[in-house]
Amino acid sequence: MWSVPHQVRIFLAREPVDMRKSFHGLIALAESVLEQDPLSGHLFVFINRRRDRLKVLYWGGVGYCIWYQQLEEGSYQLPDAQAADDEAGLEITAGQLSLILEGIDFSSVRHRKRFQVSDQHRDTPSSRRS
């Protein structure tokens, strides 16, 4: 569905959101609940209580954009957040977002180990190439 560059992070709000919220309401949630800068270019994912509607907020370079999906049948399944039980938001991967959107059951998916650059090395100037 989407091709998300590896530099773009994806933040999922774990608590249900009123889908009547538009730009200003979702921007406020990205700042207060997810504690992130909505101008960062990252994706902010919000799901309603019935888990049949999903909105993605992002900064498109010249303005905010909202991508909105309503399921005709079924519901979205969210990944387990074992490490972030007390946090309102969860950082997910582009692969996990695809699984959510495609309706794939997380309990039936097995993630094989892959190399990952640690966050400490990802943001340092020496890790960036000119």
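**Exercise 1. State how many helices and strands the chain has, and give their order.**

Step 1. Count the elements. The chain has 3 helices and 5 strands. Helices (H or I, at least four residues) and strands (E, at least two) are DSSP runs, numbered from the N terminus.

Step 2. Read along the sequence. The pattern is β-α-β-β-β-β-α-α.

Step 3. Note the ground rules. This is a predicted model, in which local features need pLDDT of at least 70 and side-chain atom pairs count only at pLDDT 80 or more, while totals for chains, interfaces and linings use all residues. Residues are numbered from 1 along each chain as its sequence is written, and side-chain values use heavy atoms, with hydrogens and water left out.

Step 4. Take two totals for the chain. Of its 130 residues, 28% count as buried. Buried means under 20% relative accessible area, exposed over 50%, and partly exposed in between (1.4 Å probe, protein chains only). Among contacts with a separation of 6 or more, 56% come from residues 24 or more positions apart. Contact means heavy atoms within 4.5 Å.

**Exercise 2. Work out the strand order of the sheet and find its edges.**

Step 1. Write the order. The sheet is open, has 5 strands and runs β4-β3-β2-β1-β5, with mixed pairing. Two strands pair if DSSP finds at least two bridges between them.

Step 2. Look at the ends. β4 (64–70) and β5 each have a single partner strand, so one side of each is left without a neighbour in the sheet.

Step 3. Add the twist. Neighbouring strands are turned by 25 degrees against each other on average, direction ignored.

Step 4. Check two pairings. β1 and β2 are parallel over 3 bridges, and Phe11 has Phe44 in β2 as its bridge partner. β2 (residues 43–47) and β3 (residues 53–59) are antiparallel over 4 bridges. Here Val45 has Val56 in β3 as its bridge partner.

**Exercise 3. Place helices α1 and α2 against the sheet.**

Step 1. Start with α1. Helix α1 (residues 23–32) packs on the sheet and touches β2, β3 and β4. Its direction makes about 100 degrees with that of β4. Axes are lines fitted to C-alpha atoms, for helices over the stretch in contact, and angles run from 0 to 180 degrees between N-to-C directions.

Step 2. Move to α2. Helix α2 (residues 94–102) lies across β1 (10–13), β2, β3, β4 and β5. Helix α2 runs at about 105 degrees to β5.

Step 3. List the buried residues of α2. They are Leu97, Leu99, Ile100 and Leu101. Their cover includes β1, β2, β3, β4 and β5.

Step 4. Look just past the helix. Gly103, just after α2, has a positive phi of about 75 degrees.

**Exercise 4. Describe the surroundings of Ile10 in strand β1.**

Step 1. Place the residue. Ile10 sits in β1. Ile10 is buried because its relative accessible area is 2%.

Step 2. Sort the side chains of β1. Ile10 and Leu12 point one way, Phe11 and Ala13 the other, and all are buried.

Step 3. Find the contacts. Leaving aside neighbours within four places in sequence, Ile10 touches residues including Leu43, Val45, Ile92 and Leu97.

Step 4. Compare sequence with space. Ile10 and Ile92 are 82 residues apart in sequence and 5.5 Å apart in space, C-alpha to C-alpha.

**Exercise 5. Classify the loop residues Arg51, Asp52 and Glu35 by accessibility.**

Step 1. Take Arg51. This residue lies in the loop between β2 and β3. At 35% relative accessibility, Arg51 is partly exposed. Its phi is near 60 degrees, a positive value in a residue other than glycine.

Step 2. Take Asp52. The loop between β2 and β3 holds this residue. At 13% relative accessibility, Asp52 is buried. Not counting residues up to four places away in sequence, Asp52 touches Gln69, Gln70, Leu71, Gly74 and Tyr76.

Step 3. Take Glu35. This residue lies in the loop between α1 and β2. Glu35 is exposed, at 63%. Its phi is near 55 degrees, also positive in a residue other than glycine.
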